[in-house]
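Please look through the sequence and the structure shown below before reading on. The report then takes up a few parts of the picture, one at a time.

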Amino acid sequence: MSMNLDLFETVYNKQKELYEFYKEKREWYKEKPVEEQLITFTIAMLDEGFEFLHHLNWKPWKNEKPLDKEQALEELIDVLHFWMQLIILLGATPEIVKKIYLIKNKINKERQLGKADRPNEYKGG
């Protein structure tokens with residue numbers, strides 16, 4: 001299975017550019033330690049996930065409304081925005097993410113087949 005990195009690299013690079021832009025405009029991005037930024041961006045990502053959830057008919061006590069796929073997708077793009085920022089702050093490259101993803105994907109598939117092995121092949125970069 002091959003995974004094309006073009007789209008991922010484009011999003012990754014655009015997010016890095018945006019982060020540098022923010023650092024020029026707002027002191028918070030320069031002053032706050034990475035761990036605090038990770039916490040803030042994780043909360044922001046979760047918040048966008050909840051905004052996505054508000055577009056779904058998950059409350060059985062409410063009348064259903066039609067799904068606005070465009071609006072829902074926009075919320076997921078916001079999730080992607082913050083998720084990518086977390087990846088960048090952790091110092092991961094698109095290649096590292098691909099490597100870890102493929103390993104984790106294989107592990108998850110093996111779990112469904114009843115295999116309990118959890119190799120940590122991706123540790124150490």
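What follows is a report on the helices, their contacts and some single residues.

## Overall make-up

The model described here is predicted. The protein chain contains five helices and zero strands, and, when it is read along the sequence, the pattern is α-α-α-α-α.

Of the 125 residues in the protein chain, 23% are buried. If one takes the contacts between residues at least 6 apart in sequence, 61% of them join residues that are at least 24 apart.

## Helix 1 against helix 4

Helix 1 and helix 4 pack with their axes 9 Å apart and at an angle of about 80°, and because angles of 65 to 115 degrees count as roughly perpendicular, helix 1 is described as roughly perpendicular to helix 4. On the side of helix 1, the residues that take part are F8, V11, Y12, Q15, K16, L18, Y19 and Y22, and in helix 4 they meet L80, H81, W83, M84, Q85, I87, I88 and L89. Sorted by class, the residues of this contact comprise twelve nonpolar, three polar and one charged.

One of the residues in this contact is Q85, which has its place in helix 4, a helix that covers residues 69-89. Is Q85 buried or exposed? Its relative accessible area is 2%, which is under the 20% limit, and Q85 is therefore buried. Leaving aside residues up to four places away in sequence, Q85 touches Q15, Y19 and F41.

## Helix 1 against helix 5

Helix 1, residues 6-25, also packs with helix 5, residues 94-112, and here the angle is about 130° while the axes lie 10 Å apart. That angle makes helix 1 oblique to helix 5, and the crossing in which helix 1 passes helix 5 is right-handed.

The residues that meet are F8, E9 and Y12 from helix 1 and P94, E95 and V97 from helix 5. By class, this contact has four nonpolar residues, two charged residues and no polar ones. F8 and Y12 are therefore worth finding in the structure, because they are listed in the contact of helix 1 with helix 5 and are also listed in the contact of helix 1 with helix 4.

## Aromatic rings

How many aromatic pairs does the model hold, when ring centres must lie within 6.5 Å? The count comes to ten aromatic pairs. One of them joins W58 and W61, whose ring centres are 6.2 Å apart and whose planes stand at 75° to each other; because an angle over 60 degrees counts as edge-to-face, this pair is given that name.

The two residues of this pair can also be described by their accessibility. W58 has a relative accessibility of 42% and so counts as partly exposed, whereas W61, at 64%, counts as exposed. Elsewhere, Y19, F21, Y22, W28, Y29, F41 and F82 form one aromatic cluster, and two of its members, Y19 and F41, are among the residues that Q85 touches.

## I43 and F82

I43 is found in helix 3, which covers residues 34-53. With a relative accessible area of 54%, I43 is exposed, because the limit for that class is over 50%.

Along the chain, I43 and F82 are 39 residues apart, and their C-alpha atoms are separated by 9.1 Å. F82 is also a member of the aromatic cluster named above.

Notes. Residues numbered from 1 in each chain as written. Predicted model: local features only at pLDDT ≥ 70, side-chain atom pairs only at ≥ 80, totals over all residues. Heavy atoms only, no water. Phe/Tyr/Trp six-rings, centres within 6.5 Å; stacked < 30°, edge-to-face > 60°. Buried < 20%, exposed > 50% of the residue type's maximum accessible area, 1.4 Å probe, protein only. Axes fitted to C-alpha atoms, helices over the stretch in contact; angles between N-to-C directions. Helix = DSSP H or I, 4+ residues; strand = E, 2+ residues; numbered from the N terminus. Parallel < 35°, antiparallel > 145°, perpendicular 65-115°, else oblique. Left-handed = near helix turned anticlockwise from the far one by under 90°. Contact = heavy atoms within 4.5 Å. Nonpolar A, V, L, I, M, F, W, Y, C, P; charged D, E, K, R; others polar.
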